[in-house]
Amino acid sequence: MMHAQFDPAAREALAAEAVLAKTRKDLTWQQIADAAGLSVAFVTAAVLGQHALPTDSAKAVAELLGLDQDAELLLRTIPTRGSIPGGIPTDPTIYRFHEMLLVYGTTLKALVHEQFGDGIISAINFKLDVRKVADPEGGERAVITLDGKYLPTKPF
């Protein structure tokens with residue numbers, strides 16, 4: 001049976017414990033995802049408290065990180081989502097994503113509605129990918145793909 005949380009504090013504490021275990025064991029998010037048998041973006045989000053893991057994946061992650069049975073159980077619960085409380089984020093990396101939406105949010109909305117009509121892009125039926133590529137002008141670039149199912153507004 002699936003269970004849901006109503007208070008994010010337990011998952012926040014578990015996330016801190018899991019990240020500490022990840023660091024102590026010198027693991028990558030990809031290694032944790034490989035143990036879970038799911039995508040690195042989904043597993044990272046789950047360990048950080050934003051998704052529930054399936055039973056087998058939660059067991060594998062808990063075992064790899066050396067977490068107890070209560071932590072494994074908590075990894076399977078449906079969380080209270082939303083990891084940026086209190087308005088404008090202060091972490092520089094997260095703030096830049098916020099800034100990107102401030103600058104390009106209306107553009108994205110206009111282009112999505114022009115191409116698809118009235119509706120939204122799902123963050124539930126969703127895939128995320130982050131890749132590092134060489135910049136032809138030197139250095140590196142981040143390629144971030146947000147791949148969400150389009151859900152049209154249905155008149156009723």
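In this predicted model, Asp26 is exposed, with a relative accessible area of 67%. The residue lies in the loop that joins helix H1 (9-24) to H2. Its backbone is also notable for sign: the phi angle of Asp26 is near 55 degrees, a positive value in a residue other than glycine. Most residues other than glycine have a negative phi.

Helix H2, which follows this loop, spans residues 29-36 and packs against two further helices, H3 and H4. Two packed helices are described by the angle between their axes and the distance between the axes. For H2 and helix H3 (residues 40-47), the angle is about 95 degrees and the axes are 8 Å apart. Because angles of 65 to 115 degrees count as roughly perpendicular, H2 and H3 are assigned to that class. On the H2 side, the contact is made by Trp29, Gln30, Ile32, Ala33 and Ala36; on the H3 side, Val40, Val43, Thr44 and Val47 take part. Sorted by class, the residues in the contact of H2 with H3 comprise seven nonpolar and two polar ones, with no charged residue.

The packing of H2 with helix H4 (residues 55-65) has an angle of about 135 degrees, and here the axes are 8 Å apart. The two helices are therefore oblique to each other, and the crossing of H2 and H4 is right-handed. Gln31, Ile32, Ala35 and Ala36 of H2 meet Ser57, Ala60, Val61, Leu64 and Leu65 of H4. By class, this contact of H2 with H4 contains seven nonpolar residues, two polar residues and no charged ones. Ile32 and Ala36 of H2 take part in the contact with H3 and also in the contact with H4.

Aromatic rings were examined next. The count comes to one aromatic pair. This pair is formed by Phe116 and Tyr150, whose ring centres are 4.7 Å apart and whose planes make an angle of 25 degrees. Planes under 30 degrees apart count as stacked, so the pair of Phe116 and Tyr150 falls in that class. The pair links distant parts of the chain, with Phe116 in helix H6 (residues 92-116) and Tyr150 in strand S2 (residues 140-152), 34 residues apart. The two partners differ in accessibility: Phe116 is partly exposed, with a relative accessible area of 48%, whereas Tyr150 is buried, with a relative accessible area of 15%.

Key: Residues are numbered from 1 along each chain as its sequence is written. This is a predicted model: local features need pLDDT of at least 70, side-chain atom pairs count only at pLDDT 80 or more; totals for chains, interfaces and linings use all residues. Side-chain values use heavy atoms; hydrogens and water are left out. Axes are lines fitted to C-alpha atoms, for helices over the stretch in contact, and angles run from 0 to 180 degrees between N-to-C directions. Helices (H or I, at least four residues) and strands (E, at least two) are DSSP runs, numbered from the N terminus. Angles under 35 degrees count as roughly parallel, over 145 as roughly antiparallel, 65 to 115 as roughly perpendicular and the rest as oblique. A crossing is left-handed if the near helix is turned anticlockwise from the far one by less than a right angle, and right-handed if clockwise. Contact means heavy atoms within 4.5 Å. Ala, Val, Leu, Ile, Met, Phe, Trp, Tyr, Cys and Pro count as nonpolar, Asp, Glu, Lys and Arg as charged, and the others, Gly among them, as polar. Rings of Phe, Tyr and Trp (its six-membered ring) pair if their centres lie within 6.5 Å; planes under 30 degrees apart count as stacked, over 60 as edge-to-face and the rest as tilted. Buried means under 20% relative accessible area, exposed over 50%, partly exposed in between (1.4 Å probe, protein chains only).
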